[in-house]
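This report describes one protein chain. It starts from a single strand residue, moves to the chain as a whole, and then turns to local backbone features.

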Amino acid sequence: MVLVDRAGKYTNFCSVSVDDVEGGRLAASHLLDLGHERIAVVGGPSSLQQVQDRRLGAELALGARRSDALLLHVSTAALDIASGVAAAGELAGLPDAERPTAVFALNDLLAIGVLQGCVTHGLRVPDDVAIVGYDDILFAAVAAVPLSSVRQPRARLGRRAAELLFDEVAALDEGRPHTHEHVQFAPELVVRRSSQPDHPV
């Protein structure tokens with residue numbers, strides 16, 4: 001068995017994962033670079049390791065700037081569109097002086113929900129609220145406002161997981177030792193119009 005999208009905490013299995021701390025840092029750094037000083041990090045539940053890591057990355061980005069920027073954590077019961085819509089309603093209800101000008105949604109389904117909720121409440125994306133998601137699913141690029149997102153190298157994850165699995169099977173068949181590997185890939189930020197209005201994509 002090979003664990004996919006899980007860090008190598010379990011020494012008795014091979015694993016492949018993405019550096020979610022770095023992904024969170026990329027997303028928050030992008031929003032900070034654009035001048036946002038009130039950023040909401042939307043997503044939950046907090047028991048999920050990916051949620052913890054992506055939040056930590058955003059916090060590290062903020063800490064590295066030594067600025068007056070603020071992070072507002074908005075916890076959700078699930079990582080789905082409905083939770084994103086609800087989070088947008090919560091943010092829209094804040095006074096103008098307190099409302100975040102940017103949202104880092106911890107996956108793209110949440111980001112799409114936040115986008116829908118912002119439109120419903122009369123908030124323009126990205127003029128009033130910039131949005132960055134995570135995973136770069138197919139629908140991110142074709143949303144009403146194309147979503148900026150942190151992309152995971154899905155094909156490389158799957159290929160490496162298969163290679164590790166086949167190697168372990170071969171080792172068992174041949175009676176040779178197998179050393180479990182824990183492979184971690186780097187994510188990349190894909191910028192679109194949801195965070196940068198003049199972006200061509």
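## Val103 and its surroundings

Val103 sits in strand E5, which covers residues 102-105. The model is a predicted one. Is Val103 buried or exposed? Its relative accessible area is 0%, and the cut-off for a buried residue is under 20%, so Val103 is buried.

Which residues does Val103 touch, once its neighbours within four places in sequence are set aside? On the lower-numbered side, the contacts of Val103 are Leu31, Ala40, Val42 and Leu91. On the higher-numbered side, Val103 is in contact with Val114, Val129, Ala130, Ile131 and Val132. For one of these partners, Val42, a C-alpha distance is available: 6.9 Å from Val103, across a separation of 61 residues along the chain.

Several of these contacts can be placed in named elements. Strand E3 spans 38-42, helix H4 spans 108-120, and strand E6 spans residues 130-135.

## The chain as a whole

The protein chain contains six helices and nine strands. Its C-alpha trace extends over about 65 × 35 × 30 Å along the principal axes. Of its 201 residues, 46% count as buried. When contacts between residues at least 6 apart in sequence are considered, 73% of them join residues at least 24 apart.

The accessible surface amounts to about 10,000 Å², and carbon and sulfur atoms contribute 55% of this area. As for charge, there are 18 positive and 26 negative side chains in the protein chain, with the centres of the two sets 2 Å apart.

An unreviewed UniProt entry places the feature "domain: Transcriptional regulator LacI/GalR-like sensor" at residues 29-195. In the model, this span is 43% helix and 19% strand, and its end C-alpha atoms are 12 Å apart.

## The aromatic pair

How many aromatic pairs does the structure hold? There is one. It is formed by Phe104 and Tyr134 and is tilted, with 6.4 Å between the ring centres and 40° between the planes. Phe104 belongs to strand E5 and Tyr134 to strand E6; with these positions 30 residues apart, the pair links distant parts of the chain. Both Phe104 and Tyr134 are buried.

## Backbone features

Four local backbone features are collected below.

| Site | Feature | Angle |
|---|---|---|
| Gly44 to Pro45 | cis peptide bond | omega about 5° |
| Val125 to Pro126 | cis peptide bond | omega near 10° |
| Asp135 | positive phi, not a glycine | phi about 115° |
| Asp136 | positive phi, not a glycine | phi near 50° |

Both prolines of the cis bonds are in loops. Pro45 lies between strand E3 and helix H2 (49-65), while Pro126 lies between helix H4 and strand E6.

Where are the two aspartates found? Asp135 is in strand E6, the strand that also holds Tyr134. Asp136 is in the loop between E6 and helix H5 (138-141).

Why do these aspartates count as buried, when neither has a relative accessible area of 0%? The cut-off is under 20%; Asp135 therefore counts as buried at 18%, and Asp136 is buried at 6%.

Key:
Residues numbered from 1 in each chain as written. Predicted model: local features only at pLDDT ≥ 70, side-chain atom pairs only at ≥ 80, totals over all residues. Heavy atoms only, no water. UniProt positions renumbered as here; feature names shortened; annotations may be inferred. Helix = DSSP H or I, 4+ residues; strand = E, 2+ residues; numbered from the N terminus. Buried < 20%, exposed > 50% of the residue type's maximum accessible area, 1.4 Å probe, protein only. Contact = heavy atoms within 4.5 Å. Areas by Shrake-Rupley, 256 points an atom, 1.4 Å probe, with all protein chains shown as cover. Lys, Arg positive; Asp, Glu negative; His and termini not counted. Charge placed at Lys NZ, Arg CZ, Asp CG, Glu CD. Phe/Tyr/Trp six-rings, centres within 6.5 Å; stacked < 30°, edge-to-face > 60°.
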